[in-house]
Every structure is written in C-alpha cells, then in structure tokens.
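This report describes selected features of one protein chain. It turns to side-chain burial, charged pairs, strand pairing and model confidence.

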Amino acid sequence: MFPINNFGGIEVQEESLLDKHVIIFLLVKPSDEGAQRIIGKFNYFHYLAGKYCSIYPIGYSQNFFGYYKDIQPIKGVNNEKWFYSDKCFIEFCGELSQRLKGWSYSGELELIILQNKLVDGCCGKLDFRN
C-alpha cells in the first residue's frame, strides 16, 4: 500500500516495479460510512498484497508539503502518520474520470482494479484499456 497522492507519483512507483501485478485504486474517504473499518485495515491490506498487488489509497499521503490545507491525520501502514485531503481526493477523481472513459465517482467506497503493462519487458505502466 502506497500513500502516493497523484498520478505522477504513482507512475514513478510503478516504473520501479519489475513484475507484472494488479493495481488497485482504493477510493475511501474518512467521512464515508464504514470507512474507519477499511482505514483501520490499511496495515493488513499492505502485508496481504505483498509484491503481487499495489494498493493506492486515493487522497492519502505521508506528506502533502503544505499543498493542501484541509488535511486530517490518520494511522497508516506500520503506524506511520499519514494524512488525508478531500481536495486531493476530488482532484485525483477528476483526473481518473478523464483516463477511464465513462467512469465517474459514485460517492461511495470504490475499488478500481487495473493490470500494469510491462514496457520492453521491464518497467510497469498503468494500463487503462480494460
């Protein structure tokens, strides 16, 4: 599980991974009904996924570097301090809707599952074809 808050950061992370694997965008806001049950399992999901699945909780980061003012702290993987931003979440969903034709955020908990695409037999890229 990687708390990376934008597509550029996710693409850099995926390029560093050499194996083909599943990519999950986890869309859960702390204010969602039942969200704390999901957020409380971030550590479990991280270790369960291993090297076969990259999970990106959307709107979360270890450090927003002052870019977002609406941050709220949460407990991330290994009890690290992570932060959540509604503004970041909304911006990411807007960009995601441009990449996934016909998709728009429902306002509920969602999982978007992709397969990475190996380029030249190595570096992974996000594959939005399916």
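A residue is called buried when its relative accessible area is under 20%, exposed when the value is over 50%, and partly exposed in between. The structure shown is a predicted model, and every value below was computed from it.

**Lys29 and its surroundings**

Lys29 lies in the loop that runs between β1 (22–27) and α2 (35–39). Is this lysine buried or exposed? Its relative accessible area is 13%, and because the cut-off for burial is under 20%, Lys29 counts as buried. The side chain of Lys29 makes two polar contacts with other side chains: one is with Asp32, at 2.8 Å, and another is with Tyr105, also at 2.8 Å. When residues up to four places away in sequence are set aside, Lys29 touches Ala35, Tyr60, Tyr84, Asp86, Phe89, Tyr105 and Gly107. Tyr105 therefore appears both as a polar partner of the Lys29 side chain and in the list of residues that Lys29 touches.

**The sheet containing Tyr60 and Tyr84**

Two of the residues touched by Lys29, Tyr60 and Tyr84, also face each other as bridge partners, with Tyr84 located in β5. Strand β5 (residues 81–84) is joined to β3 by two bridges, and the two strands run antiparallel. What is the order of the strands in this open sheet? Three strands make up the sheet, arranged β3-β5-β4 with antiparallel pairing. Strands β3 (60–61) and β4 (72–75) form the edges, each pairing on one side only.

**Salt bridges**

Side chains of opposite charge can pair when their charged atoms come close. The structure holds four salt bridges, among them the three listed here.

| Pair | Distance, N to O |
|---|---|
| Glu11 and Arg99 | 3.0 Å |
| Arg99 and Glu95 | 3.1 Å |
| Lys87 and Glu91 | 3.7 Å |

The bridge between Glu11 and Arg99 links distant parts of the chain: Glu11 belongs to helix α1 (residues 7–15) and Arg99 to helix α4 (residues 86–99), with their positions 88 residues apart. Arg99 also meets Glu95 in a salt bridge, and this pair lies within helix α4, four residues apart, or about one turn of the helix. Which residues are joined into one network by salt bridges that share partners? They are Glu11, Glu95 and Arg99.

The members of this network are partly exposed: Glu11 has a relative accessible area of 29%, Arg99 has 29%, and Glu95 has 32%. Lys87 and Glu91 form a further salt bridge. Both residues are in helix α4, four residues apart, which is about one turn of the helix. Lys87 is partly exposed at 43% relative accessible area, and Glu91 is partly exposed at 35%.

**Confidence of the prediction**

The protein chain has an average pLDDT of 88, and 90% of the residues score at least 70. Among its elements, β5 has the highest mean pLDDT, at 96, whereas strand β7 (residues 124–127) has the lowest, at 65. Where pLDDT is low, the predicted coordinates should not be read in detail. The strand with the highest mean value, β5, is the one that holds Tyr84, the bridge partner of Tyr60.

Methods
Residues are numbered from 1 along each chain as its sequence is written. This is a predicted model: local features need pLDDT of at least 70, side-chain atom pairs count only at pLDDT 80 or more; totals for chains, interfaces and linings use all residues. Side-chain values use heavy atoms; hydrogens and water are left out. A salt bridge is a side-chain nitrogen of Lys or Arg within 4 Å of a carboxyl oxygen of Asp or Glu. Buried means under 20% relative accessible area, exposed over 50%, partly exposed in between (1.4 Å probe, protein chains only). Two strands pair if DSSP finds at least two bridges between them. pLDDT is the predictor's confidence in each residue, from 0 to 100. A polar contact is a pair of N or O atoms within 3.5 Å; within protein, one must be able to donate a hydrogen and the other to accept it, and residues adjacent in sequence count only if both atoms are side-chain atoms. Contact means heavy atoms within 4.5 Å.
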